[in-house]
Amino acid sequence: MDFNTVINSRKTIRKYTNQNISDKDLNSILQSATLAPSAKNRQPWRFYILDDTQKNTIVSMLYNFDNYHKDLKTSVKGSANQMLEANRAIIIYSPIYHSKDKKKYYKKPDYLSLGAAIENMSLECCNLGFGSCWLCDTLYIEDEINDFLKIKDFEQISTLLIGYPKEIPDRRKRIPIKDLILNDQLDSF
Ligand SMILES: Cc1cc2nc3c(=O)[nH]c(=O)nc-3n(C[C@H](O)[C@H](O)[C@H](O)COP(=O)(O)O)c2cc1C
């Protein structure tokens, strides 16, 4: 796909067929992440590629997520359904910077670098004909997932679900550019 086609056709996909994504394609997706820009070229991204058993265990944890906030519970259960269907799930991690550590100033730039890497992955998924969903709902059970996967020195940033799309949703509404520009008197937008 050319650049404009990829940018214009990437959408969050929440329903997947049961077709497998090959290791070769998964490798291309990870490769795209490594090509993202990063603050001081620190490349803070780390990946945990879940196998089916691990994925299903995390799906169960999400189904069991309890919270007094009804909307939150509904969102997390929706994400669990998506994760169950997705053929692949990758959890993206960042190093942890402790408050007394001089490297704590790396935290925000590293978050930005990680966002760039995840977006590259989403775009590469689209380029290869796959759907993806960038999930933050797994953050609500971060500690539980860390215990389960025995992750210690990394902070969860989000999860990327990947699969063959079962349906392509309509484009979600965007705020018009003119409403995004803080300066006044820019009539051309
Ligand atoms: C940081 C981030 C976190 C997100 N978390 C979730 C999530 O937990 N569950 C979900 O279904 N979608 C999640 N999404 C997808 C957004 O809902 C989606 O990007 C947005 O509605 C715009 O739709 P589009 O991606 O199709 O353009 C997330 C997206 C981003 C960038």
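Helices and strands here are DSSP runs, numbered from the N terminus, with at least four residues for a helix (H or I) and at least two for a strand (E). I keep in mind that this is a predicted model.

**Entry 1: two odd loop residues**

With those labels in hand, I looked up K150, which sits in the loop between α6 and β4. Its phi is positive, about 60 degrees, although K150 is not a glycine. Is K150 buried or exposed? K150 has 71% relative accessibility, and the cut-off for exposed is over 50%, so it counts as exposed.

Next I went to K40, in the loop between α2 (23-34) and β1 (46-49). K40 also has a positive phi, near 50 degrees, and is a residue other than glycine. K40 counts as exposed because its relative accessibility is 77%.

**Entry 2: helix α6 and F148**

I moved to helix α6, residues 142-149, where I found F148. F148 has 31% relative accessibility, so it counts as partly exposed. Which residues does F148 touch, leaving aside neighbours within four places in sequence? I noted Q54, T57, I58 and M61. I also checked the spacing for T57: T57 and F148 are 91 residues apart in sequence, yet their C-alpha atoms are 8.9 Å apart in space.

**Entry 3: strand β4 and its partners**

Then I followed the chain into strand β4, residues 154-163. How many of the ten residues of β4 are buried? Nine are, which leaves the strand mostly covered.

I looked for the strands that pair with β4. Strand β2 (residues 88-95) runs antiparallel to β4, and eight bridges join the two. One pair I picked out is I92 with its bridge partner S158 in β4. Strand β3 is also antiparallel to β4, with five bridges between them. There I found W134, whose bridge partner in β4 is L160.

A reminder to myself for looking at strands: in a regular one, side chains alternate between the two faces of the sheet.

I also wanted to know about β3 itself. Four of its five residues are buried, so β3 is largely enclosed by the rest of the structure.

**Entry 4: Q156 inside β4**

I zoomed in on Q156, which is part of strand β4. Q156 has a relative accessible area of 2%, and buried means under 20%, so Q156 is buried. What does the side chain of Q156 make a polar contact with? I found the side chain of T138, at 2.7 Å. Not counting residues up to four places away in sequence, Q156 touches I91, I92, Y93, T138, L139, E142 and I145. I92 turns up twice in my notes: it is on this list, and it is the residue bridged to S158.

**Entry 5: the ligand**

Now for the ligand. How many residues surround the ligand? I count 14 from the list, and the closest are T12, R14, W134, R172 and R174. W134 is the β3 residue I met earlier as the bridge partner of L160.

Which strand gives the largest share of this shell? It is β3, with three residues. Both α4 (70-85) and β3 (131-135) supply at least two shell residues each. Sorted by class, the shell has seven charged, four nonpolar and three polar residues.

I then checked individual atom pairs:

- S79 has a polar side-chain atom 3.3 Å from a nitrogen atom of the ligand.
- C136 has a polar backbone atom 3.0 Å from an oxygen atom of the ligand.
- D137 has a backbone N or O atom 3.1 Å from an oxygen atom of the ligand.

How much of the ligand does the protein bury? Taken alone, the ligand exposes 620 Å², and 70% of that is buried by the protein.

**Entry 6: the start of the chain**

Last stop was D2, in the segment before α1 (3-9). D2 has a relative accessible area of 47%, so it is partly exposed. A polar atom of its side chain lies 3.0 Å from the backbone nitrogen of N4. I also looked up a faraway part of the chain: D2 and N127 are 125 residues apart along it, while their C-alpha atoms are separated by 8.4 Å.

Note on methods
Residues are numbered from 1 along each chain as its sequence is written. This is a predicted model: local features need pLDDT of at least 70, side-chain atom pairs count only at pLDDT 80 or more; totals for chains, interfaces and linings use all residues. Side-chain values use heavy atoms; hydrogens and water are left out. A residue is near a molecule or strand if one of its heavy atoms lies within 4 Å of it. A polar contact is a pair of N or O atoms within 3.5 Å; within protein, one must be able to donate a hydrogen and the other to accept it, and residues adjacent in sequence count only if both atoms are side-chain atoms. Accessible areas come from the Shrake-Rupley method with a 1.4 Å probe; for residues, only the protein chains shown count as cover. Ala, Val, Leu, Ile, Met, Phe, Trp, Tyr, Cys and Pro count as nonpolar, Asp, Glu, Lys and Arg as charged, and the others, Gly among them, as polar. Buried means under 20% relative accessible area, exposed over 50%, partly exposed in between (1.4 Å probe, protein chains only). Two strands pair if DSSP finds at least two bridges between them. Contact means heavy atoms within 4.5 Å.
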